[in-house]
Amino acid sequence: NGHDKTIYIYNICDHESCYREVNSQAISYTTGVPAMIGAKQILTKKWKKPGVWNIEQLDPDSFMNDLNEYGLPWKLIQLDRHPDF
């Protein structure tokens with residue numbers, strides 16, 4: 001509605017449960033899974049535009065849905081006021 005708002009999107013990946021699942025630390029999981037999802041977006045042509053684009057300029061919805069599906073569920077918090085940075 002033309003007003004600034006601040007939101008945080010975050011994910012918590014537990015090292016112990018990650019290691020049980022893939023024999024790796026959570027840092028490897030949180031690096032590899034988003035990279036795989038990005039490649040999937042390109043291969044399935046969900047991220048296909050002519051030219052060069054930053055990832056922030058592409059539609060995030062299918063990427064965010066895939067994060068939930070592939071083991072990196074996320075949470076969203078909207079702040080009541082814009083923080084002073």
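User: How are residue classes assigned for a pocket lining?

Analyst: Ala, Val, Leu, Ile, Met, Phe, Trp, Tyr, Cys and Pro count as nonpolar; Asp, Glu, Lys and Arg count as charged; the others, Gly among them, are polar. Here, the lining of the largest pocket has 5 nonpolar residues, no polar and 1 charged. This is a predicted model: local features need pLDDT of at least 70, side-chain atom pairs count only at pLDDT 80 or more, and totals for chains, interfaces and linings use all residues. Residues are numbered from 1 along each chain as its sequence is written, and side-chain values use heavy atoms, with hydrogens and water left out.

User: Which residues line the largest pocket?

Analyst: Rolling a probe the size of a water molecule over the atoms shows where empty space is left. A pocket is an open set of points on a 1 Å grid over the protein atoms alone, where a 1.4 Å probe fits, with protein on both sides within 12 Å along at least five of seven lines; lining residues have an atom within 4 Å of a point. The lining is Trp47, Ile55, Glu56, Leu58, Pro60 and Phe63.

User: In what order do the elements run?

Analyst: Helices (H or I, at least four residues) and strands (E, at least two) are DSSP runs, numbered from the N terminus. The order is β-α-α-α-β. The radius of gyration, taken over C-alpha atoms, is 16 Å, well over the 12 Å that the globule rule (2.2 Å times the number of residues to the power 0.38) gives for 85 residues, so the chain is more spread out than a compact globule.

User: What does the C-alpha trace span?

Analyst: About 45 × 35 × 20 Å along its principal axes.
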